[in-house]
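Thanks for making time this morning. I would like to walk you through one model, slowly, for those who have not looked at it before.

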Amino acid sequence: MAGMACRSGRGIPPVQVSQSLSGLSLMVVGVVQDGGYPQAGCRKSCCEAVLRGEASRRQVSGLALLDPASGAFWLFDATPDIGGQMRMAEDRLTRTGLLPAGIFLTHAHMGHYTGLMHLGREAMGAKAVPVHAMPRMRAFLEGNGPWGQLVTLGNIALRTLRADSAVDLGNGVRVTPFRVPHRDEYSETVGYRIEGPSKRILFIPDIDKWSRWDRDIRSLLADCDIAFLDGTFFDGEELPGRDMREIPHPSVTESMELFAKLPDSLRSKVCFIHFNHTNPLLRPGSEAWRRVRSN
């Protein structure tokens with residue numbers, strides 16, 4: 001996108017940032033997994049460090065697309081932290097009281113859609129915010145409370161997505177969903193390709209092992225400028241006592257091994273996102289943090 005700018009959370013290796021908002025820009029508004037950081041019920045050192053003031057709180061994974069010319073912004077996922085994330089977009093656009101021009105949902109897991117509740121009568125009482133969702137995701141929202149009430153009261157206006165079919169946002173911006181394998185108890189899971197006049201972004205915050213996908217992520221890296229990829233767990237040893245087959249995200253170490261033979265020009269496009277609260281990448285200067293930067 002013209003004037004594309006990206007920010008990552010403080011302490012996470014940042015994408016190069018443009019300070020100009022003369023054109024369209026993309027902002028990372030959260031970097032952690034559904035449960036946030038610190039996570040409820042966690043008394044391990046990873047979360048206690050936040051409570052002691054030794055680490056920063058982080059918002060749940062999401063992106064915001066900003067258009068300063070029109071003052072509009074779009075969110076990718078409606079996270080539990082949507083209030084603060086909307087304010088981040090407002091601050092960058094130097095306007096207040098803005099509602100998203102649209103929200104693109106990836107799937108029906110806690111951290112990716114439950115922020116919609118803030119658009120309802122108990123909070124903002126929004127009017128007809130466009131919410132783009134795949135067919136099963138739409139049916140889930142329409143058929144289950146309290147989400148169905150958002151529809152009947154007109155707080156949100158559902159827009160049905162089709163896999164591999166682009167949505168035109170105007171100004172040369174197109175958003176295309178694509179199916180990815182994941183635990184689909186309530187809905188499909190998608191990633192997004194965000195295309196502007198000059199830049200192409202890949203957003204895949206949640207996916208099962210790369211080998212389970214019918215597409216080759218390495219080929220997709222060659223066809224984008226920045227790829228925000230599932231980095232939930234750094235490695236398979238992060239959750240002792242848990243059967244990792246139940247939560248088969250590609251670990252960061254697995255992804256780095258897969259990308260190891262790619263040229264620097266492709267590896268440099270990768271930005272990991274959606275970190276579990278246990279992920280050592282949340283600790284600047286850790287061995288894991290240095291290893292990712294070196295790769």
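I will begin with a strand and its partners, move on to a helix, and finish with a sheet.

Please keep in mind throughout that this is a predicted model.

Let me start with strand S2, residues 62–67, where six of the six residues are buried, so this strand is largely enclosed by the rest of the structure. In a regular strand the side chains alternate between the two faces of the sheet. In S2, Gly62, Ala64 and Leu66 point one way, while Leu63, Leu65 and Asp67 point the other way, and all of them are buried.

Which strands pair with S2? Strand S1, residues 25–30, pairs with S2 in the antiparallel sense over five bridges, and within that pairing Met27 has Ala64 in S2 as its bridge partner. Strand S3, residues 72–76, also pairs with S2 in the antiparallel sense over five bridges, and here the bridge partner of Leu66 is Phe73 in S3. S2 and S3 form a hairpin with four residues between them, and Gly71, which lies in the turn, has a positive phi of about 75 degrees.

Now to helix H2, which covers residues 82–93. At 1.5 Å a residue, its twelve residues should span 16 Å, and the end C-alpha atoms are indeed 16 Å apart, so the expected and modelled spans agree.

Which residues of H2 are buried? They are Ile82, Gln85, Met86, Ala89, Glu90 and Leu93, and because they cover an arc of only 145 degrees around the axis, they lie on the same side of H2. As a general point, an α-helix has 3.6 residues a turn, so residues three or four places apart point the same way. What covers the buried residues of H2 includes S1, S2 and S3, the strands we have just discussed, together with strand S4, residues 102–104. The face of H2 turned away from its buried side carries the exposed residues Arg87 and Asp91. Just after H2, Thr94 takes a positive phi of about 50 degrees.

Finally, if you look further along the chain, there is an open sheet of six strands in the order S7-S8-S9-S10-S11-S12, with mixed pairing. Its edge strands are S7, residues 167–170, and S12, residues 270–273, each of which pairs on one side only, and the twist averages 20 degrees from one strand to the next. Within this sheet, S9, residues 190–195, and S10, residues 200–204, run antiparallel and are joined by four bridges, with Arg193 standing opposite Leu202 in S10.

Note on methods. Residues are numbered from 1 along each chain as its sequence is written. This is a predicted model: local features need pLDDT of at least 70, side-chain atom pairs count only at pLDDT 80 or more; totals for chains, interfaces and linings use all residues. Side-chain values use heavy atoms; hydrogens and water are left out. Two strands pair if DSSP finds at least two bridges between them. Helices (H or I, at least four residues) and strands (E, at least two) are DSSP runs, numbered from the N terminus. Axes are lines fitted to C-alpha atoms, for helices over the stretch in contact, and angles run from 0 to 180 degrees between N-to-C directions. Buried means under 20% relative accessible area, exposed over 50%, partly exposed in between (1.4 Å probe, protein chains only). The expected span of a helix is 1.5 Å times one less than its number of residues. The arc is that of the directions from the helix axis to the C-beta atoms. Contact means heavy atoms within 4.5 Å.
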